[in-house]
Amino acid sequence: MTVTDIDTDKLMAFVFRAVDEVGATLNAALVVMGDKLGYYRDLAANGPSTAEEMARRTGTVEPYAREWLRAQAAGDYLTYDAETDRFTLPPEQAVALTVEDSPAFLPGFFQIALGTVHDTTHIIEAARMGTGVAWGDHDTDVHNGCERFFRPGYNANLIPDWLPALEGVVPKLEAGATVADVGCGHGASTILMAKAYPRSSFVGYDAHGPSIEMARQRAADAGVADRVSFETATAQSFGGEGYDLVTMFDCLHDMGDPVGAARQVRATLADGGTWMIVEPKAGDRVEDNFNPVGRAYYGFSTLLCTPGSVSQEGAAALGTQAGPARIRQVTADGGFSSFRTVAETPFNLVYEVRA
């Protein structure tokens, strides 16, 4: 290829696209900054504000507030009135950036992204060496951001839509079922189910000890510790038997040995029991995932999920965009014969798996 082969207009279009991407990369840090310093919440509560006013109310320093506000306005997160030098958080952005129980809540998404990017140096070395990076070795923004991103979606969908889509599961939960929530993290999904179905008992399992400690505290705070317990265990070794329902939320693709996990689920389920798998939304063909959600998930897959899988025994590395066909094959190899997609959102697919 020579210089004469280059379409200059296409080259410059790509350069300016790259400039936009750099701005977006920096904005991930700015969103986390605004969330942690309370800037968004302050603007939502107080309306149009100058940098000096917002800084005073939030106990921060005016120069930082000024530049943050200007960056947010340049990215259309805020609007700006040049005559008054005031910045406004529009109501739609206020919902997405301040209302934690809204399914559109976004700061957790930015937080997990920023934590993931923070560890890029380790991922580059792991790619050279063929090693992995375990979930517990990541920045805490990864752990906290993960829960804050997924929890609103679970709150909006798990009880009203996903569980009712499973054949015969809700009547069991209402009467009193035993449930294992595998890969439970901080316990958001486990506690949500326990609050909705007080006659059932729940055990949450996760290989990350600090997450289990946090989940126990969350259960106590929610007043469900009498019906919910949490144990440190892998998906291939979690205990118990006779579960009416086993759940896995956004974690099967992270496992080094997902088939081993499927076999353990099969061994612990009661006759007629159900395995519910919630996975990132994906198509079976690579090109099916060439869209904004797929792009974000492939990024997480490269920097977070695949390194996590490679760090474990088995190193299956399914990837975040594994797709229904690959997940179905995992369940079949684990001894299950029934697999169907029962629900979906812009970010997730929900599978019902039975023996």
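**Exercise 1. Asp42 and its partner**

Task: Decide whether Asp42 counts as buried or exposed in this predicted model, and find which residue forms a salt bridge with Asp42.

Solution:
- Step 1. Asp42 has a relative accessibility of 8%. Buried means under 20%, so Asp42 counts as buried.
- Step 2. The partner is Arg57. The closest N and O atoms of the pair are 2.7 Å apart.
- Step 3. Check the cut-off: a salt bridge needs a side-chain nitrogen of Lys or Arg within 4 Å of a carboxyl oxygen of Asp or Glu. The pair of Arg57 and Asp42 counts as a salt bridge.
- Step 4. Now turn to Arg57. Its relative accessible area is 33%, which makes Arg57 partly exposed.
- Step 5. Place both residues. Asp42 sits in helix 2 (residues 39-46) and Arg57 in helix 3 (residues 51-58), so the salt bridge ties together parts that are 15 residues apart in sequence.

**Exercise 2. Salt bridges of helix 4**

Task: Where do Glu62 and Arg66 lie, and how are Arg70 and Glu67 separated?

Solution:
- Step 1. Glu62 and Arg66 form a salt bridge, with the closest N and O atoms 3.6 Å apart.
- Step 2. Both residues lie in helix 4 (residues 62-74). They are four residues apart, about one turn of the helix.
- Step 3. Glu62 is partly exposed at 28% relative accessible area. Arg66 is partly exposed at 27%.
- Step 4. Arg70 forms a salt bridge with Glu67, and here the closest N and O atoms are 3.6 Å apart.
- Step 5. Arg70 and Glu67 are three residues apart in helix 4, so about one helical turn separates them.
- Step 6. Arg70 is partly exposed at 44% relative accessibility. Glu67 is partly exposed at 42%.
- Step 7. Look beyond helix 4. Salt bridges with shared partners join Asp35, Arg41, Glu100, Glu147, Arg148, Arg151 and Arg218 into one network. The structure holds 20 salt bridges.

**Exercise 3. The largest pocket**

Task: Describe the largest pocket by its space, and say which element gives the most to its lining.

Solution:
- Step 1. The largest pocket holds about 1100 Å³ of space.
- Step 2. Its lining has 27 residues. Nearest the centre lie Ala24, Thr25, Ala28, Phe110 and Arg295.
- Step 3. At least two lining residues come from each of helix 1, helix 6 (107-118) and helix 13 (292-310). Helix 1 gives the most, with ten residues.
- Step 4. Sort the lining by class: 18 nonpolar, six polar and three charged residues.

**Exercise 4. The second largest pocket**

Task: How many residues line the second largest pocket, and which element supplies the largest share of its lining?

Solution:
- Step 1. The volume of the second largest pocket is about 950 Å³.
- Step 2. Its lining has 46 residues, and Trp135, Gly183, Asp206, Cys251 and Asp254 are the closest to the centre.
- Step 3. Two or more lining residues come from each of helix 6, helix 8 (140-162), helix 10 (188-196), strand 4 (201-206) and helix 13.
- Step 4. Helix 8 supplies the largest share, seven residues.
- Step 5. By class, this lining has 23 nonpolar, 17 polar and six charged residues.

**Exercise 5. A surface patch**

Task: Which residues form a nonpolar patch on the surface, and where is Ile6 found?

Solution:
- Step 1. The members are Ile6, Leu11, Met12, Val15, Phe16 and Val19. Together they have about 520 Å² of accessible area.
- Step 2. Ile6 is found in the segment before helix 1 (8-37).
- Step 3. Ile6 is partly exposed, at 37% relative accessible area. Patch members need over 30%, so Ile6 passes that cut-off.

Key:
Residues numbered from 1 in each chain as written. Predicted model: local features only at pLDDT ≥ 70, side-chain atom pairs only at ≥ 80, totals over all residues. Heavy atoms only, no water. Patch = residues over 30% accessible without salt bridge, like charges linked within 9 Å, V, L, I, M, F, W, Y side chains within 5 Å. Areas by Shrake-Rupley, 256 points an atom, 1.4 Å probe, with all protein chains shown as cover. Buried < 20%, exposed > 50% of the residue type's maximum accessible area, 1.4 Å probe, protein only. 1 Å grid on protein atoms, 1.4 Å probe; cavity = no way out; pocket = protein on both sides within 12 Å on 5 of 7 lines; lining within 4 Å. Points joined across faces, edges and corners; volume = space filled by probe spheres on them. Nonpolar A, V, L, I, M, F, W, Y, C, P; charged D, E, K, R; others polar.
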